[in-house]
Amino acid sequence: MKILFLNGPNLNLLGTREPEIYGRTTLADIEVKVRERATKLGAEIGFRQTNLEGELVAWIQESKGKFDVIVLNAAAYTHTSVALRDAISAVGVPTIEIHLSNVHAREEFRHKSLIAPVCRGQICGFGANSYILALEAAVTVNG
Ligand code: DQA
């Protein structure tokens, strides 16, 4: 089982970015925790971050045939990107939407996810642990 974790804009700033919302754990720390848990679950992990919408689209396209599941924290593009939604839909790799914060308890513009209808499910509000919960969901996504 191969799982691709994709992280969108500003997530490279985790640790110092609005810690009262996103916590003090860096993305590198999260990657270490995900890899440790993945080893126990027997899963192989890809883990990437970009600030560019087109790069996320390209990675989603390239995942077909290479990864079994995508775990996607699209960050702000969650709320704006038809391109990401179309890529997920076109490629057909099961995708799990995640967020550190509970987007539904925040500003109204974060309540709408353009990608949610084409994802298998959504995990949000558990801080860095959202990534571990998503990993556990990913390994059982096809039964
Ligand atoms: C986020 C939530 C988004 O609304 C926001 O734009 C982010 C991070 C989260 O992980 O909580 O950048 O995806």
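This passage describes the nonpolar cores, the ligand site, two loop residues and the cysteines of a predicted model.

The largest nonpolar core of the predicted model is made up of 25 residues, and within this set Ile 3, Phe 5, Val 34 and Tyr 131 are the members that touch the most others. Two or more residues are given to this core by each of the strands β1 (2–7), β2 (44–49), β3 (69–73) and β4 (95–99), and likewise by the helices α2 (27–41) and α5 (129–139). Of these elements, α5 provides the largest share, which amounts to five residues. Apart from this core lies another one, which has 18 residues and includes Trp 59, Leu 72, Ala 74 and Ile 88. As a general background, nonpolar side chains in soluble globular proteins tend to be buried together.

The surroundings of Ile 3 can be followed in some detail. When residues up to four places away in sequence are not counted, Ile 3 touches Ala 43, Glu 44, Ile 45 and Gly 46, and also Phe 67, Val 69 and Val 71. Further along the chain, Leu 135, Ala 138 and Val 139 are touched by Ile 3 as well.

The ligand is surrounded by Arg 17, Tyr 22, Asn 73, Ala 75, Ala 76, His 79, His 99, Leu 100, Ser 101, Val 103 and Arg 110. Among these residues, Asn 73 places a polar side-chain atom 2.8 Å from an oxygen atom of the ligand. For His 99, an N or O atom of the side chain is likewise found 2.8 Å from a ligand oxygen atom, while for Arg 110 the corresponding distance, again between an N or O atom of the side chain and an oxygen atom of the ligand, is 2.9 Å. The ligand taken alone exposes 330 Å², and the protein buries 98% of that area.

Arg 110 itself belongs to the loop between β4 and β5 (121–124). Its relative accessible area is 16%, and Arg 110 is therefore counted as buried, since the cut-off for a buried residue is under 20%. If its neighbours within four places in sequence are left aside, Arg 110 is in contact with Tyr 22, His 79 and Val 103, and these three residues are also listed among those around the ligand.

Two residues of the loop between β1 and α1 (19–22) were examined for their backbone angles, one of them being Asn 10. The phi angle of Asn 10 is near 75 degrees, which is a positive value in a residue other than glycine. With a relative accessibility of 35%, Asn 10 counts as partly exposed. Glu 18 lies in the loop between β1 and α1 too, and its phi angle, near 35 degrees, is again positive although the residue is not glycine. The relative accessibility of Glu 18 is 37%, so that this residue also counts as partly exposed.

Finally, the cysteines were considered. A disulfide is a covalent bond between the sulfur atoms of two cysteines, and the structure holds zero disulfides. Cys 119 takes part in none, and the cysteine sulfur nearest to its own, that of Cys 124, is 12 Å away. Seen from Cys 124, the closest cysteine sulfur is the one in Cys 119, and a bond is not formed because the distance of 12 Å is too far. Cys 119 is buried, with a relative accessible area of 12%, and Cys 124 is buried with a value of 15%.

Terms used. Residues are numbered from 1 along each chain as its sequence is written. This is a predicted model: local features need pLDDT of at least 70, side-chain atom pairs count only at pLDDT 80 or more; totals for chains, interfaces and linings use all residues. Side-chain values use heavy atoms; hydrogens and water are left out. A nonpolar core is a set of buried Ala, Val, Leu, Ile, Met, Phe, Trp, Tyr and Cys residues joined through side-chain atoms within 4.5 Å. Buried means under 20% relative accessible area, exposed over 50%, partly exposed in between (1.4 Å probe, protein chains only). Helices (H or I, at least four residues) and strands (E, at least two) are DSSP runs, numbered from the N terminus. Contact means heavy atoms within 4.5 Å. A residue is near a molecule or strand if one of its heavy atoms lies within 4 Å of it. A polar contact is a pair of N or O atoms within 3.5 Å; within protein, one must be able to donate a hydrogen and the other to accept it, and residues adjacent in sequence count only if both atoms are side-chain atoms. Accessible areas come from the Shrake-Rupley method with a 1.4 Å probe; for residues, only the protein chains shown count as cover. A disulfide is a pair of cysteine sulfur atoms within 2.5 Å.
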